[in-house]
Structure formats: C-alpha cells, structure tokens
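Colleague: Could you take me through one part of this model up close, the last strand and whatever it pairs or bonds with? Start with the overall layout so I can find my way, then go into the details.

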Amino acid sequence: MAKFPTAPKWSNQQRLVVFGAGALIVAIFGIAGYVANTDGSGGARHPAVEGITPEQGDQAVRQTRIEIDLEEGWTAEFEINRERIPLDQLESFNPTLQRVDDPLFRVIYDPGPGKVFDIFPQGQVCVTAFLTKLDDTGERGIESWCFTAT
C-alpha cells in the first residue's frame with residue numbers, strides 16, 4: 001500500500017501568527033469600508049443631508065459661508081462652536097421655521113456685522129445642524145461637522 005504524505009504540523013505559535021494576521025487584514029478592510037461610506041467625520045450622514053459646505057476637515061477663510069443642502073421637506077437650525085444661531089440670521093427662514101424663498105431646501109449662515117459671528121475664530125469651527133422634517137411626523141435628526149478657519 002502506498003503511503004500518503006502527511007501535512008506538516010504547525011506549532012501553536014505559528015497558528016497564532018496566522019490567525020492574528022488574518023484578523024488584522026479583516027479589521028483593515030472593515031475600517032476602510034466604513035470610512036468610505038461616511039462623510040469623513042467618523043459617522044454616516046443623516047439621510048436627509050445632500051451636502052455641506054465647507055466639508056468635514058476642509059480649510060476655509062474665516063468669513064466663509066456655512067451651508068447645508070437638504071432633501072425636500074427638511075429644514076435645519078445651526079449651532080456653531082456651541083453658540084445657537086438665531087433663526088433671523090439664517091437665510092431662507094422666517095421665525096416660524098417656514099421655508100420662505102428657497103425651493104432647494106438649503107440653510108445658510110453668513111457671518112457678518114451684527115450677527116453671532118462677525119468672522120469665525122481662527123482654528124477649528126464645529127457646526128451642529130438640528131434637522132426637522134416639515135410635515136406632521138416631526139421627524140428630527142442631527143448632522144455635525146468641523147472645518148478649520150484660517
């Protein structure tokens with residue numbers, strides 16, 4: 001009878017190295033896939049958000065416009081560096097949160113004289129948009145991002 005060759009035996013240390021390398025590869029691809037499907041801030045964007053300006057991590061001048069572009073039927077209020085922005089300082093709104101003149105469902109804040117921010121402070125500027133659906137559901141959400149004012 002013919003003898004079949006036997007597979008080499010692996011030591012526990014060799015098994016541990018192979019298992020560890022495999023786990024590391026899976027983790028790297030998992031993290032890369034997660035980052036590729038987010039807005040760059042470490043979390044997925046709210047489904048109502050179509051775009052933000054400036055983008056997460058961008059560098060922008062201290063007088064830059066902050067803008068969020070939303071799906072139809074959504075509105076937002078801003079908090080910038082923990083300062084709530086009054087509705088009368090946001091473009092496209094009146095004090096009752098009804099859309100006035102912007103069919104594109106954008107919310108915009110331009111710093112300037114007489115506003116919460118004349119210009120943004122140099123360094124990191126963080127924005128939180130409090131989202132509200134303009135229907136009977138009252139659905140809400142939050143979108144947050146930061147950029148660097150230079």
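Modeller: Reading from the N terminus, the elements run α-β-β-β-β-β-β-β-β, which gives 1 helix and 8 strands in the protein. Keep in mind that this is a predicted model. Of the 150 residues, 33% are buried. As for how the chain folds back on itself, take the contacts with a separation of 6 or more: 56% of them are between residues 24 or more positions apart. The protein exposes about 9,800 Å², and carbon and sulfur atoms supply 56% of that.

Now to your strand, β8, which covers residues 140–149. One partner is β7, residues 123–133, which runs antiparallel to β8 and is joined to it by 10 bridges. To find the pairing on screen, look for glycine 123, which stands opposite alanine 149 in β8. The two strands form a hairpin with 6 residues between them. In that turn sits glycine 138, with a positive phi of about 65°.

β8 also pairs with β2, this time in the parallel sense and over 2 bridges. β2 is made of residues 59–60, and glutamine 59 stands opposite threonine 148 in β8.

Back to the hairpin, because there's a covalent link to look at too: a disulfide is a covalent bond between the sulfur atoms of two cysteines. Here cysteine 126 is joined to cysteine 146, with the sulfurs 2.1 Å apart. Cysteine 126 is in strand β7 and cysteine 146 in strand β8, 20 residues apart. The count for the structure is 1 disulfide. The torsion about the S-S bond of cysteine 126 and cysteine 146 is about 105°, so this disulfide is right-handed. The two cysteines fall into separate accessibility classes: cysteine 126 has 26% relative accessibility and counts as partly exposed, while cysteine 146, at 18%, counts as buried. The cut-off for buried is under 20%, which is why cysteine 146 gets that label.

Next, the charged side chains. Side chains of opposite charge can pair when their charged atoms come close. In β8, the one to look at is glutamate 143, whose side chain meets that of arginine 45 in a salt bridge at 3.8 Å, N to O. Glutamate 143 lies in strand β8 and arginine 45 in the loop between α1 and β1, so the salt bridge ties together parts that are 98 residues apart in sequence. The cut-off for a salt bridge is 4 Å, so the 3.8 Å pair counts as one. Glutamate 143 is buried, with a relative accessible area of 3%, whereas arginine 45 is partly exposed at 26%.

Arginine 45 has another partner as well. It forms a salt bridge with glutamate 55, where the closest N and O atoms are 2.8 Å apart. Glutamate 55 sits in the loop between β1 (49–53) and β2, and arginine 45 in the loop between α1 (12–36) and β1, which puts the two 10 residues apart. Glutamate 55 counts as partly exposed, at 31% relative accessibility.

For a pair outside your strand, try glutamate 77 and arginine 84, with their closest N and O atoms 3.4 Å apart. Glutamate 77 is buried, with a relative accessible area of 18%, while arginine 84 is partly exposed at 41%. As for shared partners, salt bridges join Arg45, Glu55 and Glu143 into one network. The structure holds 6 salt bridges, including those described here.

One last neighbour of β8 is worth a click: threonine 53, found in strand β1. Leaving aside residues up to four places away in sequence, threonine 53 touches Arg65, Ile66, Glu67 and Trp145. Trp145 is the one of these that falls within the 140–149 range of β8. Threonine 53 itself is partly exposed, with a relative accessible area of 40%. If you want a distance to check, the C-alpha atoms of threonine 53 and isoleucine 108 are separated by 9.3 Å, and these residues are 55 apart along the chain.

To pull your strand together: β8 has β7 as an antiparallel partner and β2 as a parallel one. Its cysteine 146 is bonded to cysteine 126, and its glutamate 143 forms a salt bridge with arginine 45.

Terms used. Residues are numbered from 1 along each chain as its sequence is written. This is a predicted model: local features need pLDDT of at least 70, side-chain atom pairs count only at pLDDT 80 or more; totals for chains, interfaces and linings use all residues. Side-chain values use heavy atoms; hydrogens and water are left out. Helices (H or I, at least four residues) and strands (E, at least two) are DSSP runs, numbered from the N terminus. Buried means under 20% relative accessible area, exposed over 50%, partly exposed in between (1.4 Å probe, protein chains only). Contact means heavy atoms within 4.5 Å. Accessible areas come from the Shrake-Rupley method with a 1.4 Å probe; for residues, only the protein chains shown count as cover. Two strands pair if DSSP finds at least two bridges between them. A disulfide is a pair of cysteine sulfur atoms within 2.5 Å.
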